[in-house]
Amino acid sequence: MIRSAIIIIALVLAVGRLTARRSRSGFLFPPVLPVTIREDSQGDGKFGAKRGSRSHQGVDLLVFEGQPIYTPIEGIVNRVSYPYANDSRYSGLEITGTGTYEGYTVKIFYLAPGAIGKAVKQGDSVGFAQSISKKYGGGMQDHIHLELRHQGELMDPWPLLQV
């Protein structure tokens, strides 16, 4: 079930590649393929990558600032999240799965959320990508951070993105 949910992200990105265009704001819409994990001078965006004394708990997927971000599961966008306690410029959201996705939770960071408190279907837009490179400098590529849990247990979302 969750595999098909995550594959929707990849398919939406694939269609986006075929129809990519520049908007009036100058940003590229929709997202660009391939779905790529961030790997730059600031670090590795793979699940489990070393982050000092801890491990990375999700995957970092490359995006463009302002790009629409879509939910991989059906659920309720139940809250705004802030990845940095001292910097409210960067936000994210948490989606609690419903229906066939009961028991799953998705967190997406570095996006301006747009559907808080609402029910969403797989593939619905839930916000727009922020530019995390503005916080860390040009050495870090803009990306969203995606975490996936089932029954509270952290899972690596990357294998599920493989189409």
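Y110 is found in the loop between β11 (104-109) and β12 (111-113). In this predicted model, the phi angle of Y110 is near 70°, a positive value in a residue other than glycine. Y110 has a relative accessible area of 11% and is therefore buried, the limit for that class being under 20%. A second non-glycine residue with a positive phi is Q151, at about 50°. Q151 likewise belongs to a loop, between β15 (143-150) and β16 (153-155). With a relative accessible area of 62%, Q151 is exposed, because that class begins over 50%.

Y110 also takes part in an aromatic pair, and a search of the whole structure finds one such pair. Its members are F109 and Y110, whose ring centres are 6.5 Å apart; the planes meet at 50°, so the pair is tilted, an angle of over 60 degrees being needed for edge-to-face and one under 30 degrees for stacked. Both F109 and Y110 are buried.

Strand β11, which precedes Y110, is mostly covered, with five of its six residues buried. It has strand partners in β10 and β15. With β10 (residues 92-97), the pairing is antiparallel and extends over five bridges. Within this pairing, I95 has V106 of β11 as its bridge partner. The hairpin formed by β10 and β11 has six residues between the strands, and G99 in this hairpin takes a positive phi near 60°. With β15, strand β11 also runs antiparallel, here joined by six bridges. I108 stands opposite L146 of β15.

I108 also belongs to the largest nonpolar core, which has 21 residues. The members that touch the most others are I69, V77, L93, I95, I108, V126 and I144. At least two residues of this core come from each of β7 (59-62), β10, β11, β14 (125-129) and β15. Apart from this core lies another, of six residues, which include Y84, Y90, F109 and M140. F109 of the aromatic pair is thus placed in the six-residue core, whereas I108 is placed in the largest one. When neighbours within four places in sequence are left aside, the contacts of I108 are with I69, G92, L93, V126, I144, H145 and L146. Among these contacts, L146 is the residue that stands opposite I108 in β15.

For the chain as a whole, the secondary structure comes to three helices and 16 strands. Of the 163 residues, 45% are buried. The accessible surface amounts to about 8300 Å², and carbon and sulfur atoms account for 53% of it. Where contacts between residues at least 6 apart in sequence are considered, 59% join residues at least 24 apart.

Confidence varies along the chain. The mean pLDDT is 76, and 72% of the residues score at least 70. The lowest confidence is in strand β2 (residues 28-29), with a mean of 35, and the highest is in strand β13 (residues 119-120), at 95. Over residues 3-33 the pLDDT is below 50, although this stretch has 58 contacts in the model beyond near neighbours in sequence. Where pLDDT is low, predicted coordinates should not be read in detail.

Technical notes: Residues numbered from 1 in each chain as written. Predicted model: local features only at pLDDT ≥ 70, side-chain atom pairs only at ≥ 80, totals over all residues. Heavy atoms only, no water. Phe/Tyr/Trp six-rings, centres within 6.5 Å; stacked < 30°, edge-to-face > 60°. Buried < 20%, exposed > 50% of the residue type's maximum accessible area, 1.4 Å probe, protein only. Helix = DSSP H or I, 4+ residues; strand = E, 2+ residues; numbered from the N terminus. Contact = heavy atoms within 4.5 Å. Areas by Shrake-Rupley, 256 points an atom, 1.4 Å probe, with all protein chains shown as cover. pLDDT = per-residue confidence, 0-100. Pairing = 2+ DSSP bridges. Core = buried A, V, L, I, M, F, W, Y, C linked by side-chain atoms within 4.5 Å.
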